[in-house]
Amino acid sequence: MTTPTAESALATSGAVLDREETISRDELEALQLSRLQHTLAYAYDRVPLYKRKFDEAGVHPTDLRELSDLGKFPFTTKEDLRLEYPFGMFAVPQQEVARIHASSGTTGRATVVGYTKKDLADWAKLVARSLRASGVRPGMKVHNAYGYGLFTGGMGAHAGAEALGCTVIPISGGQTERQITLIQDFKPDAILATPTYLLTIADAMMKQGIDPASTSLKYAVLGAEPWTEEMRHELEVTMNIKACDIYGLSEVMGPGVAGEAVETQDGSHIWEDHFRPEIIDAFDPSVVLGDGEPGELVFTSLTKEALPIIRYRTKDLTRLLPGTARPAHRRMGRITGRSDDMIILRGVNLFPSQIEEIALRIPELSPHFQLELTRPEGQRMDQLTVKIERRESVTVEGVASAARVLKEQIKIHVGSSCAVNVVEPGSLERSNGKLRRIYDLRPKA
């Protein structure tokens, strides 16, 4: 008996793949080369920052004759976007900019991105492609719990769901009690949210005496923060859903740069007809790594008009893998963390996702945790304390055992000692969107 292909499974469900999802790798790379040559010339001619950076690096758009030549060109960083605030990165006149989004600016000056009407249409198409890959189908009701406003998540996901032919419920983030009411009353088929916020919704349901597995939800498309396979298992079992990843960042486009296929759930396929990915050595950015090697993810846009982006350093740590459900389009491995979220503890590099992965293998412990960094008075060494909630049914003896196991496993798998404080259920902050995991309580210099 043969296994049905992704195309035949989709055809049976009434969904149809974009032509670019079905082309060969050779066809895709030929398309990338043509689009990349155009984008480099377009950015050089229209964005003063790129003309300056290319000239300083001694390269010209005509130097790109094959895809590997991209490594000759300079990187773009978040700091570049901040220095060009607000509109210095735009490649089109103001009257051609149909929409503006921006970051929160909580860690510095906001980064501003713009879209032409064509950019918005392409974005909606790619989000629709991602949602369809993750199991969402035309005619389904989609509960959108991503935040609306200047953040790209809410409106990007909304437009993609509409482009797919879904009925969108634009609830945005927060108002958890109302989210639950609408899920019960409107009976959506799919939910779009951050993984930690979906966990918040599930917890709130249980507190109300509602079984999260009893709702109408069948699919969850989750993104905007790193999450682990252990978190996927937690959400799928708790809510009786299939949970898939969606990846994006505003500087590159927004959600929909890559999406995970529900039939394989093995990492997000990057839509390489619109973006050229690279992996570089995070400690030596001049080194471009091969597929399968872990490093920092870098993106170059291939079709953007308002804000072309050349070799943007995302700070996301992952690796590139061969395509599966969409063979021509390479996959991203799970993001292990962001280089700016990395904790260096006594010379050991540690990411919150590592703690999540370990903790969720211990049945007595919940997915709700915080990491506190302190430096006790009179000491030179930093101290990490993992504050994590126990599950409701756990006894005092179970708490002590779980704390000991977590401490031991962190030492074994991460290589650093820490303190573990198991706290009462519901005592830690819940996510209303992106969850803060790290609390740096060390004295300021």
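How many residues has helix α8, and how far does α8 reach from its first C-alpha to its last? In this predicted model, helix α8 spans residues 195-207, which amounts to 13 residues, and its reach of 19 Å is close to the 18 Å expected at 1.5 Å a residue.

Helix α8 is mostly covered, with eleven of its 13 residues buried; among them are Pro195, Tyr197, Leu198, Leu199, Ile201 and Met205, together with the polar-named entries Thr196, Thr200 and Asp203. The elements against which the buried residues of α8 pack are listed below.

| Element packed against α8 | Residues |
|---|---|
| α7 | 176-186 |
| β5 | 190-193 |
| β6 | 219-222 |
| α9 | 229-239 |
| β19 | 365-374 |

After α8 comes glycine 209, whose phi is positive, near 80°.

A second region of interest is an open sheet of five strands, in which the order is β11-β10-β12-β13-β16 and the pairing is antiparallel. Strands β11 (288-289) and β16 (337-338) stand at the edges of this sheet, and because each has a single partner strand, one side of each is left without a neighbour in the sheet. Within the sheet, strand β12 (residues 295-301) and strand β13 (residues 312-318) run antiparallel and are joined by four bridges; glycine 295 has threonine 318 of β13 as its bridge partner.

Helix α2 (residues 25-46) lies across two strands of this sheet, β10 (275-280) and β12, and runs at about 95° to β10.

Notes: Residues numbered from 1 in each chain as written. Predicted model: local features only at pLDDT ≥ 70, side-chain atom pairs only at ≥ 80, totals over all residues. Heavy atoms only, no water. Expected span 1.5 Å × (residues − 1). Buried < 20%, exposed > 50% of the residue type's maximum accessible area, 1.4 Å probe, protein only. Contact = heavy atoms within 4.5 Å. Pairing = 2+ DSSP bridges. Axes fitted to C-alpha atoms, helices over the stretch in contact; angles between N-to-C directions.
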